[in-house]
Amino acid sequence: MILFADEAAADVAAREALLDRAMGKARVLKPSERLRRGRLPASGLALVAREQGRLVGTVRLWNVEAGGRPALLLGPLAVDPTAQGEGIGSGLMQMAATRAAELGHRGIILVGDPEYYARFGFSSEATTGLIMPAPVDRRRFLALELAADALAGAEGLIVASGRPVGAHARLAA
Ligand SMILES: CC(C)(COP(=O)(O)OP(=O)(O)OC[C@H]1O[C@@H](n2cnc3c(N)ncnc32)[C@H](O)[C@@H]1OP(=O)(O)O)[C@@H](O)C(=O)NCCC(=O)NCCS
């Protein structure tokens, strides 16, 4: 049975190993990585899938400003190659979108395969006026509006707006 849950601090090593297996080491060169580096994921939006205690899937969302509007950047979404095609990616996506809406977020953007993400409602229409910090194939630059017209007419650069890494430690001090 697959269990979906919040990521735990103890998941770091298993998550990094899973990402290397699913996406390869070049994953750190992706344009989206520029918006994640040095930041913490959005609160309540780092999720994992476990099968008999083993980490088999991960998704994280990040706070950004999209043309001046608050939004989330999704990624990476990855499922262990030994467990792909079993609905784990879809389960993580649905939990992430539901949780994001419950937390009051209005829109999610990502760079990924439209053939996969269209089933969750993502399309390139709402990203027409938006610009990633590095060149991306616009066909793969997608958004899902959780609130009506959340990104309609949005224009400009996507910039990171999440809590910097180390914020935890500073807050606890
Ligand atoms: C993409 C990924 C997260 C999907 O997770 P998953 O658990 O295998 O997916 P699900 O079981 O929920 O869905 C499987 C369906 O998605 C389709 N699918 C999977 N990856 C796809 C892709 N890149 N493009 C189009 N369709 C894709 C499968 O063909 C299957 O289709 P079907 O329902 O018609 O049979 C997973 O394959 C993965 O980790 N891939 C490598 C990392 C990656 O590329 N992540 C970013 C995706 S752009």
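The exercises below work through a predicted model, each with a solution in steps.

**Exercise 1. Pairing of strand β8**

Task: find which strands pair with β8 (residues 156-160), and in which sense.

Solution:
- Start with β3 (residues 54-66), which is joined to β8 by 3 bridges and runs antiparallel to β8.
- One residue pair shows this register: Glu65 has Val159 in β8 as its bridge partner.
- Next take β6 (residues 130-131), whose 2 bridges to β8 are in the parallel sense.
- Here Leu130 stands opposite Gly156 of β8.
- Thus β8 is antiparallel to β3 and parallel to β6.

**Exercise 2. The loop before β6**

Task: place Gly129 in the fold and list what Gly129 touches beyond its sequence neighbours.

Solution:
- Gly129 belongs to the loop that links α4 and β6.
- Its relative accessibility is 26%, so Gly129 is classed as partly exposed.
- With residues up to four places away in sequence left out, Gly129 touches Ala154, Glu155 and Gly156.
- The C-alpha atoms of Gly129 and Ala152 are 9.0 Å apart, although 23 residues separate the two along the chain.
- Gly156, one of the residues touched by Gly129, is also the residue opposite Leu130.

**Exercise 3. A charged residue in a short helix**

Task: decide whether Glu33 is buried or exposed, and name its contacts.

Solution:
- Glu33 is part of helix α2, which covers residues 33-36.
- The relative accessible area of Glu33 is 19%; because the limit for buried is under 20%, Glu33 counts as buried.
- Apart from neighbours within four places in sequence, Glu33 contacts Arg27 and Val28.

**Exercise 4. The largest pocket**

Task: describe the volume, the centre and the lining of the largest pocket.

Solution:
- The largest pocket holds about 660 Å³ of space.
- Its lining has 32 residues, and those closest to the centre are Met23, Leu77, Val111, Gly112 and Tyr117.
- Sort the lining by type: 16 residues are nonpolar, 8 are polar and 8 are charged.
- Sort the lining by element: α1 (12-23), α2, β4 (69-79), α3 (88-102), β5 (107-111) and α4 (114-117) each give at least two residues.
- β4 makes the largest contribution, with 6 residues.

**Exercise 5. Helix α3**

Task: compare the span of α3 with the expected value, and list its buried residues.

Solution:
- α3 contains 15 residues, and 21 Å separates its first C-alpha from its last.
- The expected span at 1.5 Å a residue is 21 Å, and the model is close to that value.
- The buried residues are Ile88, Gly89, Gly91, Leu92, Met93, Ala96, Ala97, Arg99 and Ala100.
- Just past the helix, Gly104 has a positive phi of about 95°.

**Exercise 6. Backbone exceptions**

Task: locate the cis peptide bond and the positive phi angles at Gln52 and Asp149.

Solution:
- The cis bond runs from Gly75 to Pro76, with omega near -10°.
- Pro76 sits in strand β4, the strand that gives the largest share of the pocket lining.
- Gln52 is not a glycine, yet its phi is positive, at about 50°.
- Gln52 lies between β2 (46-51) and β3, in a loop, and is exposed at 79% relative accessible area.
- Asp149, also not a glycine, has a positive phi of about 55°.
- Its place is the loop between β7 (141-145) and β8.
- With 53% relative accessibility, Asp149 is exposed, because the cut-off is over 50%.

How values were computed
Residues are numbered from 1 along each chain as its sequence is written. This is a predicted model: local features need pLDDT of at least 70, side-chain atom pairs count only at pLDDT 80 or more; totals for chains, interfaces and linings use all residues. Side-chain values use heavy atoms; hydrogens and water are left out. Two strands pair if DSSP finds at least two bridges between them. Helices (H or I, at least four residues) and strands (E, at least two) are DSSP runs, numbered from the N terminus. Buried means under 20% relative accessible area, exposed over 50%, partly exposed in between (1.4 Å probe, protein chains only). Contact means heavy atoms within 4.5 Å. On a 1 Å grid over the protein atoms alone, a cavity is a set of points where a 1.4 Å probe fits but cannot get out, and a pocket is an open set with protein on both sides within 12 Å along at least five of seven lines; lining residues have an atom within 4 Å of a point. Grid points are joined across faces, edges and corners, and a volume is the space filled by probe spheres set on the points. Ala, Val, Leu, Ile, Met, Phe, Trp, Tyr, Cys and Pro count as nonpolar, Asp, Glu, Lys and Arg as charged, and the others, Gly among them, as polar. The expected span of a helix is 1.5 Å times one less than its number of residues.
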